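This report describes how the helices and strands of one protein model fit together. The reader is invited to follow the text with the sequence and the structure at hand.

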Amino acid sequence: MTTPSALERPTDVPLSRRLAARLVLLPAVALALLPPRRIRTVLGILRRGATPATTAQAQNARDAMCAASLHCAGPKGCLPRSLGAALLCRLGGTWPTWCTGVRVVPPFTAHAWIEAEGRSVGEGVPEGYFAPLVTVGPPPRPTDR
């Protein structure tokens, strides 16, 4: 027996934003093939010079990825979707917190997502539903002396 489900793809994403999402889709899929340690290293380099993303910026990037790719909108597209959203934010000069981890309640499920302003973006689950294992947040701000 299967559970019926429908993919929700945003329809109000501007063409220029969908094209930008398509641009970062291939690098996101390539990054998704790497081991977690390498992903963290690459993202650590890419985030340099960025400012923290707002929730709206992160949500717009996530929506653009879902509008540009049916795979990213699907239930098994969390890794390329989250990587693509982070890369798309970086094109705009910002960086969300990229996370990968596990679901806290059984059954065990791995998941990848982005956070902004301390909250998951577009996941539709309560706080604490996922336990992060690897995170790559915005670069630390230099302190004023």
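In this predicted model, helix 1 and helix 3 pack with their axes 8 Å apart, at an angle of about 75°. Helix 1 is therefore roughly perpendicular to helix 3, since angles from 65 to 115 degrees are classed in this way. On the side of helix 1, the contact is made by Arg17, Arg18, Ala21, Arg22, Val24 and Leu25. Helix 3 contributes Gln57, Asn60, Ala61, Ala64, Met65, Ala67 and Ala68. By character, the residues of this contact divide into eight nonpolar, two polar and three charged.

**Helix 3 and Arg62**

Helix 3 covers residues 55–68. Its 14 residues reach 20 Å from the first C-alpha to the last, close to the 20 Å expected at 1.5 Å a residue. The buried residues of helix 3 are Ala58, Ala61, Arg62, Ala64, Met65, Cys66, Ala67 and Ala68. Against which elements do the buried residues of helix 3 pack? They pack against helix 1 (15–32), helix 4 (70–73), helix 5 (78–91) and strand 4 (110–116).

Arg62 belongs to helix 3. Is Arg62 buried or exposed? Its relative accessibility is 13%, and because buried means under 20%, Arg62 counts as buried. Not counting residues up to four places away in sequence, Arg62 touches Arg81, Ala85, Ile114, Val121, Gly122 and Glu123.

**Helix 5**

Arg81 and Ala85, both touched by Arg62, are among the buried residues of helix 5. The others listed as buried there are Cys78, Pro80, Ser82, Leu83, Gly84, Ala86, Leu87, Leu88 and Cys89. Because 11 of its 14 residues are buried, helix 5 is largely enclosed by the rest of the structure. At 1.5 Å a residue, the 14 residues of helix 5 should span 20 Å, and the end C-alpha atoms are indeed 20 Å apart. Just after helix 5, Gly93 takes a positive phi of about 90°.

**The sheet**

Four strands form an open sheet in the order 5-4-3-6, with antiparallel pairing. Why do strand 5 and strand 6 each have one side without a neighbour in the sheet? Strand 5 (119–120) and strand 6 stand at the edges, and each has a single partner strand, so one side of each is left without a neighbour in the sheet.

Strand 3 and strand 4 pair in the antiparallel sense over six bridges, and a hairpin joins strand 3 to strand 4 through six residues. Strand 4 and strand 5 also pair in the antiparallel sense, over two bridges. The hairpin of strand 4 and strand 5 has two residues between the strands, and Glu117 takes a positive phi near 55° in this hairpin. As for individual bridges, Val102 has Ala110 in strand 4 as its partner. In strand 5, Ser120 is the bridge partner of Glu115, and Arg119 is the bridge partner of Ala116.

Strand 4 is largely enclosed by the rest of the structure, because five of its seven residues are buried.

Two helices lie across strands of this sheet. Helix 5 lies across strand 3 and strand 4, running at about 20° to strand 4. Helix 2 (residues 36–46) lies across strand 3 (97–103) and strand 6, running at about 55° to strand 6.

**Two partly exposed residues**

The table sets out the accessibility of two further residues.

| Residue | Relative accessibility | Class |
|---|---|---|
| Thr135 | 41% | partly exposed |
| Arg47 | 23% | partly exposed |

Thr135 lies in strand 6 (residues 130–136). Leaving aside neighbours within four places in sequence, Thr135 is in contact with Thr97, Trp98 and Cys99. The C-alpha atoms of Thr135 and Val105 are separated by 20 Å, with the two residues 30 residues apart along the chain.

Arg47 is found in the loop between helix 2 and strand 1 (51–52). Which residues are in contact with Arg47, leaving aside its neighbours within four places in sequence? They are Arg90, Trp95, Val136, Gly137, Pro138, Pro139 and Pro140. Arg47 and Ala28 are 19 residues apart in sequence, and their C-alpha atoms are 14 Å apart in space.

Terms used:
Residues are numbered from 1 along each chain as its sequence is written. This is a predicted model: local features need pLDDT of at least 70, side-chain atom pairs count only at pLDDT 80 or more; totals for chains, interfaces and linings use all residues. Side-chain values use heavy atoms; hydrogens and water are left out. Buried means under 20% relative accessible area, exposed over 50%, partly exposed in between (1.4 Å probe, protein chains only). Contact means heavy atoms within 4.5 Å. The expected span of a helix is 1.5 Å times one less than its number of residues. Two strands pair if DSSP finds at least two bridges between them. Axes are lines fitted to C-alpha atoms, for helices over the stretch in contact, and angles run from 0 to 180 degrees between N-to-C directions. Angles under 35 degrees count as roughly parallel, over 145 as roughly antiparallel, 65 to 115 as roughly perpendicular and the rest as oblique. Ala, Val, Leu, Ile, Met, Phe, Trp, Tyr, Cys and Pro count as nonpolar, Asp, Glu, Lys and Arg as charged, and the others, Gly among them, as polar.
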